[in-house]
Amino acid sequence: MDNRYKPDELEARIQAEWEQTGAFAVSEDPRREKFYCLSMFPYPSGNLHMGHVRNYTIGDVIARYQRMRGRNVLQPMGWDSFGLPAENAAIENKVAPAKWTKDNIAYMRAQLKRLGFAYDWTRELATCDPEYYRWEQWLFTRLFKKGLVYRKTSMVNWDPVDQTVLANEQVVDGKGWRSGAPVERRAVPQWFLKITAYAEELLAELENLAGWPEAVRTMQHNWIGRSEGVDIEFQVGDESLTVFTTRPDTLMGATYVAVAPEHLLAIEAAEESAALKAFIDECRNVPVSEAAMETMEKRGVDTGIKALHPITGEALPVWIANFVLMIYGSGAVMSVPAHDQRDFEFAKKYQLPIRPVVYPLDGELTLDEAAFTEKGVLRHSGEFDGLSSDEAFVAIAEYLEARGKGRRLTHYRLRDWSVSRQRYWGAPIPIIYCSSCGGVPVPDDELPVVLPEDVAFDETGSPLKHLASFVSTTCPECGGPAERETDTFDTFVESSWYYARFACPDNRDVMLDRRAGYWLPVDQYIGGIEHAILHLLYARFFHKLMRDEGLLKFDEPFTNLLTQGMVLKDGAKMSKSKGNTVDPQAMIDQYGADTVRLFMMFAAPPEQSLEWSDTAIAGAARFLRRFWKLAVNHLSNGKAPGLNKSRLTVAQRALRRQIHETIVKVNDDVGRRYTFNTAIAEVMELINALSRAQDDSAQGRAIMQEGLETGVLLLAPIVPHISDAIYRALGHEEMVINVPWPEVDKSALTREEILLVVQVNGKLRARITVPTDARRDEVEEAALADVNVQRFVANKEVQKVVVVPGRLVNIVVS
C-alpha cells in the first residue's frame, strides 16, 4: 500500500477495472430481489454543474448500498437531448444541433465516469436517437386512433424569444421557463394529449404514493384541482352563456358576468366598437397563466351586452375582463363581488354593485375592505333564505336542473397537455395532412419519422417548414399529395417514459418488452422538487397510457421519490449570471472524485439546500488522507492476528462495541433515513476512536483490522475508490463492490456497565456508571454516594428516590 494517498492514480485504476469487468452491467434474475434506482437524466448542456453532482451522488450512494445488501440493482444513465439550447447554440455558433448535442454527450459522459458512478452504460440512451423517439411516435398514433389525441386552434402561451408554445406549467411568474421572456397570448393550431381523461385517476392514486414527499403530492393535488360545482346558463339574446361555479349558494349575489377577451361574445361586440377591439388587442400581451393573473392589474370594459340572471331574470352587464381565460372552463364567469375578492376589487374599481347574500353565523357582515368568502347563511336570496351554504348548494342546483338552466358536475383545474412545439430540434409529430383525408397518422412501417439533421437556420421559425424534402409526402390513405406536420413534440414527451425504456433499450421491435415487467416500477427516483408538476405529473400520465396499451401491468412509475435541495454559494443558487458557480471538474482535478462525493453527502441532508464551502471540501480531503494514513500505519506492522472475543480487555470490548454500534446507526441512516451526513459523522467518530486506541497488542490489532474493514465497507457507497483500495490492502482480493454490507455482531453490543443521569429535584447533578445487572437498591446507593450529589442533599431530608431503569435517578429532597 502506497504511503501517500494519490486519488488521481487509484481512482483511474479502479474505474478502469470496473469498465473492463462490466462491473455494473445487470440482467434480469427472478431469484433475486431487484432494486431500480434512477436519478433524473440530464440535458447535455456541455458541462456538469454541482447540482448534477449532488443529484447523481445521492442516487449512486443508494444504488451501491442496495447492491451491498444483496439486491439486483439497476442504475442506468441517458440524455434528455432534445431542446431549445441546442437550437440556439446552432444559430449562435453555426454548428448543427445534432453535432453540438453529441459532442456534449461525449464530454459529460466522461465527467460522469470520472466521478465513479455505478451506471450500467450498456443501457445508455439519448432521446434524440430515432430508435428512441420512434416509439413515442408509435404510441401517439395509437392514442390518435383511441381519441386521446386531438388538434384544435386555441389561445396559447407564446414565447416570443423561443418562438414556441408553452404549456401552462412552463410559464413561471408570467415568463417562459427557459427564455425568461414575458409570455403572450396567441391563437395557434395545437396537438393535445387528453390528460384530463385521467384526471380522476391521477388524483386518486396520489393517496397510494406514500413514498413521495407530502409537498410534491400536495402540489400535484392542487394542480389537478378537482372541484364540485354547477354549470349555470345565463340567457344572452337567443343564446346561452355557460359559467361554472363552485359556489352556487352565492348566485343571488351576482351583479355582472365577465368573459375572456377571446370569447365569441367579446369578439362579436368588438366588431361594433373600436374601444373594445383596442382592449382585446392589449390583452394579447397578457400571459395565459394563473400566476400572472394573480399579480397583474385587473382591467375590463363593458360590452353593452346583457345576460339574464337564471333565477331573477335581472339583466346583468357583460364585461370583457383581462383576468378571465378561455383555456379554463367556458371562458366566462359569474361575478359575485360580495363573496369573491377578485370580483370585489373589480367592482370597486368600476363602481359595480356589491350585493351580499351569504352572512356569517353571527349575522355581522362588513364589506368595506374585502369580500366575505367563507360559507355561511343565505339572506336576500328569495326562497333560499335561511339555508346554510351547503344546503343552498343542493337547493339551487336542483332548482336550476329542474328548469334546464344548470347541471351539477365535477371540474378539474388540469387542462389537456399541449404537446406541439414550433421548433426544429425535437421529435417530429407523426401526422400527415391530406386535402382529401385530413390529418392522418403515419403508418407503423414508415416510423420513425426521422428529423433531418442537416438543416440551415436561415429564416425565422423552424427550418422544417422550409424543407421541401421533409414536408412533401404522399397520403397513406389515398396516395395523393400531402404534407407532413412540421411541429415537434414538447420535450417533456421524451422525458415522460425514458425510465421504462431503460429496461429494454436494445429492443428494436417493440416499445417495451417483458423486461420492463421485471424492473419496473422504479424503486427510488431522485430529482429536484422543481419537477413536481411538469415532469412527474406527465410521467405518471404517460405510464397510464402505456399500461392501457398493454405495455405495463401496474399503475404508477415511481414507488419512492427523493427531492434533493439546491447547491448554494454565498447564500444563492449557483448560476453563471450571479458569478458564483464552482466547476466540478476543477474540484475533481484538485481533490479527486471521492472527496467531492464525500463533501456533497456530508454538507447537508439530501432534501435540504447545501451551501458550498471551500473550507469544508478541504476538510473532507483531510479526513480521507487521515483514513488512508491510519490504514498504512496498521499494515506497517504486518498481518493482524485473528480476533478472540473471549480475551478482550474492557477497553477493547468498548471499542469493538463502538464498531458494531456504528454499523447499526449507519445502516439506519443510509438504508432508511437517507441522512448520509449523519452516517458519515458516525464513521468519522469511529475512525477517530480507532486513531486514539494506540493498542499494539494482538487483540488490539485484531480490533483495528475489524474497525478499518467496517469503516471501509460503511463508506464504500459514498467514497468507493479509496474504500476499494484500502479493503484490498487489508488482505482481500475481491472488489469492494462485491462485498456484502457488514453484519452486526449482537454480542458485541452488550454492555457490562451503563451510564445513568442523576438528578436532584429534577436538575442534573451527576452521571454515574453502574453494572447493567445492578439491583434498584444498589443504583440508589451509588447515586446517593456520588460526591457532587452529596453537596445537594447534605442537611436535607430525602423524600423519595425515583429510578428509571437504564436512564436516570431522580432524588427528591426537602
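**Exercise 1. Strand E34 and its partners**

In this predicted model, determine in which sense strand E31 (residues 753–760) pairs with E34, and over how many bridges.

Solution. E31 and E34 pair in the parallel sense, over four bridges. One point on this pairing is Val760, whose bridge partner in E34 is Ile811.

Next, turn to strand E33 (residues 798–804), which runs antiparallel to E34 and is joined to it by six bridges. Here Val802 stands opposite Asn810 of E34. The connection between E33 and E34 is a hairpin with three residues between the strands. In its turn, Gly806 has a positive phi of about 75 degrees.

Last, consider burial: E34 spans residues 808–813, and five of its six residues are buried, so the strand counts as mostly covered, with buried meaning under 20% relative accessible area.

**Exercise 2. Two helix pairs**

Classify the packing of helix H21 (residues 676–693) against helix H22 (residues 698–715) from the angle between them.

Solution. The two helices pack at an angle of about 160 degrees, and their axes are 10 Å apart. Angles over 145 degrees count as roughly antiparallel, which makes H21 roughly antiparallel to H22. Their crossing is left-handed. On the H21 side the contacts come from Val683, Leu686 and Leu690. These meet H22 residues including Ile703, Met704, Gly707 and Gly711.

Now do the same for helix H3 (residues 84–93) and helix H4 (residues 97–114).

Solution. H3 and H4 pack at an angle of about 115 degrees, with axes 8 Å apart. The range from 65 to 115 degrees counts as roughly perpendicular, and H3 is therefore roughly perpendicular to H4. H3 passes H4 in a right-handed crossing. From H4, the residues met are Pro97, Trp100 and Thr101; those of H3 include Pro85, Glu87 and Asn93.

**Exercise 3. Strand E26**

Find how many residues of strand E26 (residues 522–528) are buried, then describe its pairing with strand E1 and strand E27.

Solution. Seven of the seven residues of E26 are buried. Strand E1 (residues 34–39) pairs with E26 in the parallel sense over three bridges, and Ser39 stands opposite Ile526. Strand E27 (residues 558–564) also pairs with E26 in the parallel sense, over six bridges. In that pairing, Gly528 has Gln564 of E27 as its bridge partner.

**Exercise 4. An open sheet**

Which strands stand at the edges of the sheet E6-E5-E9-E19?

Solution. The sheet is open, has four strands in the order E6-E5-E9-E19, and its pairing is antiparallel. Strand E6 (164–166) and strand E19 (417–418) each have a single partner strand, so one side of each is left without a neighbour in the sheet; these are the edge strands. Strand E5 (residues 149–159) runs antiparallel to E6, and three bridges join the two. Within this pairing, Trp158 stands opposite Val165 of E6.

**Exercise 5. The nonpolar cores**

Which residues have the most contacts inside the largest nonpolar core?

Solution. That core has 185 residues, and the ones with the most contacts inside it are Trp417, Tyr499 and Met546. Helix H19 (residues 614–635) gives the most to this core, namely eleven residues. To follow one of the central contacts, take Met546: leaving out residues up to four places away in sequence, Met546 touches residues including Leu139, Trp497, Tyr499 and Met511. A second core, separate from this one, has 41 residues, among them Ile232, Val236, Ala307 and Ala397.

Key. Residues numbered from 1 in each chain as written. Predicted model: local features only at pLDDT ≥ 70, side-chain atom pairs only at ≥ 80, totals over all residues. Heavy atoms only, no water. Core = buried A, V, L, I, M, F, W, Y, C linked by side-chain atoms within 4.5 Å. Buried < 20%, exposed > 50% of the residue type's maximum accessible area, 1.4 Å probe, protein only. Contact = heavy atoms within 4.5 Å. Pairing = 2+ DSSP bridges. Axes fitted to C-alpha atoms, helices over the stretch in contact; angles between N-to-C directions. Parallel < 35°, antiparallel > 145°, perpendicular 65-115°, else oblique. Left-handed = near helix turned anticlockwise from the far one by under 90°.
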